[in-house]
Amino acid sequence: MAGTAIAAGPALDDLCGQIRGEVVSENDPAYLEACQIWNGMIDRRPGLVIRCSGSADVMTAVRFAREAGLPVSVRSGGHNVAGTALCDGGVVVDLTRMRNVFVDPDRRTVRAAGGARLGDVDHETQAFALATPFGVVSKTGIAGLTLNGGMGFLTRHHGLSCDNLIGADVVTADGKLVRADSERNPDLLWALRGGGGSFGVATSLEYRLHDVGPVVFMAIAFYPAEAGKEGVLAWREIMRDAPDELMSVALYWSAPPDEPFPPEWHGKPVFILAGCWSGPLDEAEEAVRPLRELTDPVADLSGPMPFVIAQSLFDAEYPDGRRYYWKSLYLSDIDEAIAELCDRAAAGRPSPLTSIPVWALGGAMRNEPEGGSAFAQREAPFLLGVEANWEGADGDADNLAWARELFAEAKALSPGGTYLNFPGFGEEGEELLRASYGANYERLKEVKAKYDPEDVFRGSFSIPVG
């Protein structure tokens, strides 16, 4: 292995002496475990995995990789669908031990280390009934989520994760730690707001906080699968006029095999309307009522709950080691063709674990933050997700084929662009980046050339130099 051959002998010994965390090479007992990430489909063999204890370790790791001519990938907090956290033969800068969170309730900001997960941040900020928009699974890492946008239950009310990013500490390709905020390196902050991880290693991120919780109202109504085609069209109308405080997703999925679902429904296909109301609780029942009255539900789990519980409702559905392949497309509308496609694709899912989520967007997501952002896809009212989830490598061919076929059909009905947290494996290469970043792409290339001219941070979703 080229990476390990270069990172051997005195150079490796010297590196180990400088790292307070842990340097793991292929000869170490911990190597295989260090190469395992959330998506069980990913099988890559880096030359080294450097488990960093803080920014000093990150700086040392990046300098080492650059001097050795090795590519760098970054493993932040948690979920990484595309597997870009690992690189064959290169150096993995692993931040998973860096999870400290500091809340300033007076300034209404939170600062979290690069390895923090959204559950870590929510736990601290909810002590003050504050939150910033993140995703919907508590084990998701905030860094990767933010750098590619960040959608979740607060998106329509308070914007994307990247919109609320007000500063970051970043180790750039020369191994130096720089601050990116409105006054220092504002071009780098602009790029970090949705432009991906091509520019350095974010060792800490600072966000604006909003009044949220400690209790929100979750609408979670399960309907028979037969309601899906007409249901998603009705849901489109509901969300077209919905207040920004209501974020919602329509899901084609399977009923869980346990209570409160009747035994005859366990594992059966269902159509789900879910929503989070983050406005005044006394307005919640009326605001979510249309989501709960589509037709007679199989089960209705709606009700008020702590925000931290709402943020972890889907955790059990996405365990470590399962096989995942997720794609996405923006939609300018949900019409009969989309409804029919989703209904047909849902009926043909090769795995009952697979889902087709359709996210309602708009609201505060359409507002650029002060100083702007690299995130380009703000006008589309909906996002179609293709979430193929299954157990066992023997299901790879069928599940990948199903997902890619659905994506290809949906692409013909989409104005273009992918939410880059759900990018498949980035098979389209630079075409995927150009379509998703639009007019911001050339400026991103300029920022890349400034902060990483030697393309140290290179991978499937790296902005190319030049």
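Is Y325 buried or exposed, going by its relative accessibility? Y325 comes out buried, at just 1%. Keep in mind that this is a predicted model. The count of aromatic pairs here is 15, and a couple of them are worth a closer look, along with two charges that sit over rings.

**The F134–Y207 pair**
- The ring centres of F134 and Y207 are 5.2 Å apart with the planes at 85 degrees, so this one goes down as edge-to-face.
- F134 belongs to the loop between β7 (130–131) and α6 (142–147), while Y207 is in strand β10 (residues 201–208), so the contact ties together parts 73 residues apart in sequence.
- Both partners, F134 and Y207, are buried.

**The Y325–F425 pair**
- Y325 and F425 also make an edge-to-face pair, with 5.0 Å from centre to centre and 75 degrees between the planes.
- Strand β17 (residues 323–331) carries Y325, and the loop between α13 (396–411) and α14 (430–437) carries F425, so the pair ties together parts that are 100 residues apart in sequence.
- Y325 is buried at 1% relative accessibility, whereas F425 is partly exposed, with a relative accessible area of 21%. Buried means under 20%, so F425 doesn't make that cut.

**A cluster of rings**
- Ring pairs join W38, F153, W253, F314, Y318, Y324, W326, Y419 and F422 into a cluster.

**Charges over rings**
- K327 lies over the face of F407, 4.4 Å from the ring centre.
- R443 puts its charged end over the ring of W190, at 3.9 Å from the centre.

Note on methods:
Residues numbered from 1 in each chain as written. Predicted model: local features only at pLDDT ≥ 70, side-chain atom pairs only at ≥ 80, totals over all residues. Heavy atoms only, no water. Phe/Tyr/Trp six-rings, centres within 6.5 Å; stacked < 30°, edge-to-face > 60°. Helix = DSSP H or I, 4+ residues; strand = E, 2+ residues; numbered from the N terminus. Buried < 20%, exposed > 50% of the residue type's maximum accessible area, 1.4 Å probe, protein only. Lys NZ or Arg CZ within 6 Å of the ring centre and 35° of its normal.
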